[in-house]
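Dear colleague,

Please find below the structure I am handing over to you. My notes on it follow.

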Amino acid sequence: MRLQSLPLILPLFLMSCQSPIQSNEQVQFLYFDGYPNTPLLYERFVEACPNAHIERVDLTTLSDGNPLLGWGAPTILVQGKDLCGLEPSNSKSISCRNWSHGLPSVSDIKKKVSVIE
């Protein structure tokens, strides 16, 4: 690559590295301490969307009947929608999320976030 082309390529490269989540979008990470998938999913999400402002919501601090209790932990919500398309349950109680096919990878998260937009 020639040095003269760097000013043309660098902005495109930087744009491709930015988080696909817009700064005005509400992102919530639902969790409770002690669940082994919580730190790993959070790390993957931060790596996939490093510029996203993430509100961490500890499900154990919510009052009974809170609608966020309909999702198991850990869960990522973008604009109130589950990143993986899961609908909330009606139970409204604290529960673990079943990741029967394993946690999404960093690249899976990037793909899912772009679909939500």
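**The S3–S4 hairpin and its surroundings**

Strands S3 and S4 make a hairpin in which 2 residues separate them, and Gln 79 in the turn has a positive phi of about 55°. Please bear in mind throughout that this is a predicted model.

Gln 79 is placed in the loop between S3 and S4, and its positive phi occurs in a residue other than glycine. Most residues other than glycine have a negative phi, and most peptide bonds are trans. The relative accessible area of Gln 79 is 44%, so this residue counts as partly exposed. The two strands of the hairpin, S3 and S4 (residues 81-82), run antiparallel and are joined by 2 bridges. Val 78 stands opposite Lys 81 of S4, while Leu 77 has Asp 82 as its bridge partner in that strand.

**The sheet**

The hairpin belongs to an open sheet of 4 strands, ordered S2-S1-S3-S4, with mixed pairing. Its edge strands are S2 (54-58) and S4, each of which pairs on one side only. On the S1 side, S3 is joined to S1 (residues 27-31) by 4 bridges, and these two strands run antiparallel. Within that pair, Leu 30 stands opposite Thr 75.

Is strand S3 covered on one face or on both? Both faces of S3 (residues 75-78) are covered: Thr 75 and Leu 77 on one side are buried, as are Ile 76 and Val 78 on the other. In a regular strand the side chains alternate between the two faces of the sheet.

**Two nonpolar cores**

The largest nonpolar core comprises 17 residues, and Leu 41, Phe 45, Ile 76 and Ile 109 have the most contacts inside it. At least two residues of this core come from each of S1, helix H2 (37-48), S3 and helix H3 (106-116). Apart from this core lies another, of 10 residues, which include Leu 68, Trp 71, Ala 73 and Leu 77. Ile 76 is thus listed in the largest core, and Leu 77 in the other. In soluble globular proteins, nonpolar side chains tend to be buried together.

Which residues does Ile 109 touch? Leaving aside residues up to four places away in sequence, Ile 109 touches Leu 41, Arg 44, Phe 45, Ala 48, Leu 83 and Pro 104.

**The cavity**

The structure holds 1 cavity of 30 Å³ or more, and the space in the largest cavity is about 30 Å³. Its lining is made up of Leu 41, Thr 75, Ile 76, Asp 82, Leu 83, Cys 84, Arg 97, Trp 99 and Pro 104. By class, 6 of these lining residues are nonpolar, 1 is polar and 2 are charged. Leu 41 and Ile 76, named above for their contacts in the largest core, are among the lining residues.

**Further backbone features**

Two other points concern the backbone in loops. The peptide bond from Ala 73 to Pro 74 is cis, with omega near -5°. Pro 74 is placed in the loop between S2 and S3, and Ala 73 is one of the residues of the 10-residue core.

Lys 92 also has a positive phi, of about 50°, although it is not a glycine. Lys 92 lies in the loop between S4 and H3. Its relative accessibility is 27%, and Lys 92 therefore counts as partly exposed.

With kind regards

Terms used. Residues numbered from 1 in each chain as written. Predicted model: local features only at pLDDT ≥ 70, side-chain atom pairs only at ≥ 80, totals over all residues. Heavy atoms only, no water. Buried < 20%, exposed > 50% of the residue type's maximum accessible area, 1.4 Å probe, protein only. Pairing = 2+ DSSP bridges. Core = buried A, V, L, I, M, F, W, Y, C linked by side-chain atoms within 4.5 Å. Contact = heavy atoms within 4.5 Å. 1 Å grid on protein atoms, 1.4 Å probe; cavity = no way out; pocket = protein on both sides within 12 Å on 5 of 7 lines; lining within 4 Å. Points joined across faces, edges and corners; volume = space filled by probe spheres on them. Nonpolar A, V, L, I, M, F, W, Y, C, P; charged D, E, K, R; others polar.
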